Amino acid sequence: MNILGIESSCDETSAAVVADGTRILSNIVASQVEIHARYGGIVPEVASRQHLIAFVTTIQETLSQAQISWSELAAIAVTVGPGLVGSLLVGVNLAKAIALARHLPLIGINHLEGHIYAHWLEGNNPPAFPALCLIASGGHTELVVMRGHGQYQPLGRTRDDAAGEAFDKVARLLGLGYPGGPVIETAARTVTTVPITLPRAWLKGSDDFSFSGLKTAVLRLIQKAEPKAAILAASFQEAVVDVLVTKTVAAAKKHRVKEILLAGGVATNETLRRHMASHSPIPVRCPSPALCTDNAAMIAACGYFHLKAGQIAGWDLDVAPNLMLR
Ligand code: KG4
Ligand code: ZN
């Protein structure tokens, strides 16, 4: 059963075809990174207009690469939130138009749930439940126990900056460019020892996170004109990874989960992947980097499980910029 996935929650215009929720036939991502890099971050209006410009050719390309025709699609799955309202509106309106014209079921997907479903696209050995998901992206840092398809128990989330947002802000402070994650990771690789221990917000007794104090600590050191950017980048990355790994592993043990599933753009970070795997007695899964960052294949995969559960949207489907996972 082929599902067309449509994703436009932020700055990636993406369309994909996934068979049976597990097999990627095509996954096209038209990145806007170069456009937004000029501004040092995402400009929402520019993002929505870019989706408008790029979507039709992205869809044509994804169908052609999948080598299927419109009549071979079983449903359309589209991200409804969380995300930028203008960007979401472009994707949802497009999905409605296709569903209406082709008489196909329309499925609204929570972007955060989509990130988790990247794991179903990695071979034929799906995750075992219960699983603990750490979703760390530019907009979110969430710890959620997944007890079955569509069954979520949120444990904690960030109280201020998301982990990816902290990477982006610190990279800007250090003059390293945008997006922050990859440039900080590259700068940190040039440092062999990590000389500065930056503060960690443990928020003891809670599964929540906080990264804004860490960003301020970096700013103070820059104002004192002390260490080099690469040393600060490595120290910052080490502090974020330490908090994410320690809190995730503790929650995984407490809730006796069978697996830990990393998801979201920050999950491409090699130091995070390595430390999580080496500090956890519970198996850790990381999707391939291209499936960690925003893409429509994860939305189509998630859509398949919604379709199987009979969860179809009506024509009044709306966007939900502040949607949560519950
Ligand atoms: O999941 P994603 O593509 O989009 C959102 O849903 O937000 O995540 C993007 C975020 C950005 O903040 C980016 O800096 C971060 O993921 N990121 C990384 C890395 N690659 C991307 N953070 C740390 N290390 C990386 N290698
Ligand atoms: Zn995302």
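# Briefing: a five-stranded sheet and the helices packed around it

In this predicted model, helix 9 (residues 270-279) lies across strand 6, strand 9 and strand 10, and its direction makes an angle of about 175 degrees with that of strand 9. These three strands belong to an open sheet of five strands with mixed pairing. Helix 9 also supplies at least two residues of the largest nonpolar core, which has 42 residues. The points below treat the sheet, the cores, two helices that pack through one face, and the surroundings of Phe-55.

**The sheet**

- The strand order is 8-7-6-9-10. Strand 8 (151-157) and strand 10 (284-285) are the edge strands; each has a single partner, so one side of each is left without a neighbour in the sheet.
- Strand 6 (residues 131-136) and strand 9 (residues 259-263) run parallel and are joined by five bridges. Within this pair, Ala-131 lies opposite Glu-259.
- On the pairing of strand 6 with strand 7, the sense is antiparallel and there are six bridges. A hairpin of four residues connects the two strands, and Ala-136 is placed opposite Thr-141 of strand 7.
- Strand 7 (residues 141-148) also pairs with strand 8, again over six bridges in the antiparallel sense. Gly-148 has Gln-151 of strand 8 as its bridge partner.
- Two residues separate the strands in the hairpin of strand 7 and strand 8. Gly-150 in this hairpin adopts a positive phi near 75 degrees.
- Seven of the eight residues of strand 7 are buried, so this strand is largely enclosed by the rest of the structure.

**The nonpolar cores**

- In soluble globular proteins, nonpolar side chains tend to be buried together.
- Within the largest core, the residues with the most contacts are Leu-132, Leu-198, Phe-211, Phe-236, Val-240, Leu-244 and Leu-272.
- At least two residues of this core come from each of strand 6, strand 7, strand 9, helix 5 (163-173), helix 6 (180-189), helix 7 (212-223), helix 8 (229-254) and helix 9. The largest share, 12 residues, is that of helix 8.
- A second, separate core has 33 residues, among them Ala-118, Trp-120, Cys-133 and Ala-297.
- Beyond residues up to four places away in sequence, Phe-211 touches Thr-141, Thr-158, Asp-160, Asp-161, Ala-162, Ala-163, Ala-166, Val-240, Val-243 and Leu-244.

**Helix 6**

- Gly-180, Gly-181, Ile-184, Glu-185, Ala-187 and Ala-188 are the buried residues of helix 6. Viewed down the helix axis, they fall within an arc of 165 degrees and therefore line one face.
- The elements covering these buried residues include helix 5, helix 8 and helix 9.

**Helix 7**

- Helix 7 consists of 12 residues and spans 17 Å between its first and last C-alpha, close to the 16 Å expected at 1.5 Å a residue.
- Its buried residues include Leu-214, Lys-215, Ala-217, Val-218 and Leu-221. The buried residues of helix 7 lie within an arc of 160 degrees when seen down the axis, so they line one face of the helix.
- That buried set packs against helix 5 and helix 8, whereas the face turned away from it carries the exposed residues Arg-220 and Gln-223.
- Just after helix 7, Ala-225 has a positive phi of about 55 degrees.

**The surroundings of Phe-55**

- Phe-55 is located in helix 2 (residues 44-66). With a relative accessibility of 2%, Phe-55 counts as buried, the cut-off being under 20%.
- Apart from neighbours within four places in sequence, the contacts of Phe-55 are Ile-6, Glu-7, Ser-8, Thr-13, Ser-14, Val-90, Gly-91 and Leu-94.
- Val-90, one of these contacts, is 35 residues from Phe-55 in sequence. The C-alpha atoms of Phe-55 and Val-90 are 8.7 Å apart in space.

Definitions and conventions: Residues numbered from 1 in each chain as written. Chains lettered and ligands numbered in written order. Predicted model: local features only at pLDDT ≥ 70, side-chain atom pairs only at ≥ 80, totals over all residues. Heavy atoms only, no water. Pairing = 2+ DSSP bridges. Contact = heavy atoms within 4.5 Å. Axes fitted to C-alpha atoms, helices over the stretch in contact; angles between N-to-C directions. Core = buried A, V, L, I, M, F, W, Y, C linked by side-chain atoms within 4.5 Å. Buried < 20%, exposed > 50% of the residue type's maximum accessible area, 1.4 Å probe, protein only. Expected span 1.5 Å × (residues − 1). Arc of directions from axis to C-beta.
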